[in-house]
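Please open the model in your viewer and keep the residue numbering visible, since each stop on this tour begins with a selection. The route goes from a sheet to salt bridges and then to helix crossings.

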Amino acid sequence: MIAGPDRLVAVDIGGTHARFVIATFDDDGEITLDEPVTLKTEDHASFQTAWEDFGQMQGGDLPRAVSIAVAGPVGGEVIKFTNNPWIIRPALVKSKLNVDAFTIVNDFGAVGHAVARAPDSDFLHLTGPDEPLAAEGTISIMGPGTGLGVAHVWRDGIGGYRVQATEGGHVDFAPLDNIEDAILARLRKRHNRVSVERVVSGPAIVDIYATLARMENRATIEQDDRTIWQAGMAGEDSLAAAAVDRFCLSLGSVAGDIALAQGGFGGVVIAGGLGYRIRDTLAESGFAERFRAKGRFEKLMSTIPVKIITHPQPGLFGAAAAFAKEHFA
């Protein structure tokens, strides 16, 4: 444990982008973020060169502490990324980046720290009781994006907490009606095992859309997920809109399953940029009904507050919070 620096660099690294920000801690431990800088990973040969680029943007003077949120497992001597060629060797972080202290955390673990530390004003109510997340007990967190991130936070009721990142996005998908049966059948042609990530992540909208088109014997042109999302959200394509609604239904089912599995009865949080972008659609869809539809546990599910985190940079905020929890006395 250390007394802790006043400032550090928080970094959130995904497959496409690396986001950097200077984070400041006040005397009470509150975290303030400067304006983030986003760099494309494909424009940099390594994390170190991206770090140096960010340093030049800051006038060459960076804090001597860093917290790095990475999209992937964080154990081991070498950290590799799924969708970019960078690697991080934790043993070399201090010398390569010229820092005195560092933290490396899974990216969705960082979101867990953000959920644990963010004020009530950073959450938008979605369904269930309109009350704050519980101060004691387990809070389940999931975020549909390129994949499906899952984590949970346990609060002790007196301000302390623990975060557990998981691979809950890879549990088996369980269809509930004939449309989801058809989605599963389509996916089984390419995957021996179909996880929930195949159905409730951003790219999954392509298979949902194609399944609905086939059910109606429609001829459709091949489109990427971004195009389908835009057309569906804008109401420009009724089939795309139906695919978005079906996504919301399936997301509700999965969110309820995750809460049951984790004991997330203190609340459920939907995180990630996609969740925030479809917040209005989620509220008007069958998400809430599907979330509650757990047979004998329907009454219990109706007591769980479900929120969307609205903090603009939960990964960066959470990375700074993870550093504070690890290092500060």
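Before the first selection, one definition is needed: two strands are said to pair if DSSP finds at least two bridges between them. Please also bear in mind that this is a predicted model.

**First stop: strand β10 and its two partners**

Select residues 136-144, which make up strand β10, and switch on a surface: the strand is mostly covered, with 8 of its 9 residues buried. Now add residues 148-156, strand β11, which pairs with β10 in the antiparallel sense over 9 bridges. To see one of the bridges, pick glycine 137 and look across to arginine 155, its bridge partner in β11. The link between β10 and β11 is a hairpin of 3 residues.

Next, select residues 268-270, strand β13, which pairs with β10 over 3 bridges, here in the parallel sense. Serine 140 is the residue to pick in this pairing, as it stands opposite valine 268 in β13. From β13, go on to residues 306-309, strand β14; these two strands run parallel and are joined by 3 bridges. Within this pairing, isoleucine 270 has isoleucine 308 of β14 as its bridge partner.

Where do these strands sit in the order of the open sheet? The sheet has 6 strands with mixed pairing, and reading across it gives β9-β14-β13-β10-β11-β12. Select 123-127 and 161-166 to mark the edge strands, β9 and β12, each of which pairs on one side only. If you turn the view along the sheet, note that neighbouring strands are turned by 25 degrees against each other on average, direction ignored.

**Second stop: salt bridges**

Side chains of opposite charge can pair when their charged atoms come close. The structure holds 11 salt bridges, and three of them are worth selecting in turn.

Begin with aspartate 100 and arginine 64, whose side chains meet in a salt bridge at 2.9 Å, N to O. Because aspartate 100 lies in the loop between α2 (93-97) and β8 (101-106), and arginine 64 in the loop between α1 (47-57) and β5 (65-70), the pair ties together parts that are 36 residues apart in sequence. Aspartate 100 is partly exposed, at a relative accessible area of 45%, and arginine 64 likewise counts as partly exposed, at 39% relative accessibility.

Then select arginine 290 and aspartate 177, which form a salt bridge with their closest N and O atoms 3.3 Å apart. Arginine 290 belongs to helix α10 (residues 287-292), whereas aspartate 177 is in the loop between β12 and α4 (178-188), so this pair ties together parts 113 residues apart in sequence. Is arginine 290 buried or exposed? Its relative accessibility is 11%, so it counts as buried, the cut-off being under 20%. Aspartate 177, by contrast, is partly exposed, with a relative accessible area of 22%.

The third pair is glutamate 216 and arginine 218, whose side chains meet at 2.8 Å, N to O. Glutamate 216 has a relative accessible area of 47% and is partly exposed, and arginine 218 is partly exposed at 39%. To end this stop, select Asp177, Glu180, Arg246 and Arg290 together, as salt bridges with shared partners join them into one network.

**Third stop: helices α4, α5 and α7**

Show α4 together with α5 (residues 205-215): their axes come within 9 Å and cross at roughly 115 degrees, which means that α4 is roughly perpendicular to α5. The crossing of α4 and α5 is right-handed. Where the two helices meet, the α4 residues include Ile179, Ile183 and Leu187, and those of α5 include Ile208, Leu212 and Met215.

Keep α5 and bring in α7 (residues 238-262). The axes of α5 and α7 come within 9 Å and cross at roughly 120 degrees, so α5 is oblique to α7. This crossing, too, is right-handed. Among the residues making the contact are Ile208, Tyr209 and Leu212 of α5, and Ala243, Arg246 and Phe247 of α7.

Finish on serine 250, which is found in α7 and is buried, with a relative accessible area of 1%. Leaving aside neighbours within four places in sequence, serine 250 is in contact with Glu180, Val199, Val200 and Arg290. Two of these contacts, Glu180 and Arg290, belong to the salt-bridge network selected at the second stop.

Key: Residues are numbered from 1 along each chain as its sequence is written. This is a predicted model: local features need pLDDT of at least 70, side-chain atom pairs count only at pLDDT 80 or more; totals for chains, interfaces and linings use all residues. Side-chain values use heavy atoms; hydrogens and water are left out. Buried means under 20% relative accessible area, exposed over 50%, partly exposed in between (1.4 Å probe, protein chains only). Helices (H or I, at least four residues) and strands (E, at least two) are DSSP runs, numbered from the N terminus. Axes are lines fitted to C-alpha atoms, for helices over the stretch in contact, and angles run from 0 to 180 degrees between N-to-C directions. A salt bridge is a side-chain nitrogen of Lys or Arg within 4 Å of a carboxyl oxygen of Asp or Glu. Angles under 35 degrees count as roughly parallel, over 145 as roughly antiparallel, 65 to 115 as roughly perpendicular and the rest as oblique. A crossing is left-handed if the near helix is turned anticlockwise from the far one by less than a right angle, and right-handed if clockwise. Contact means heavy atoms within 4.5 Å.
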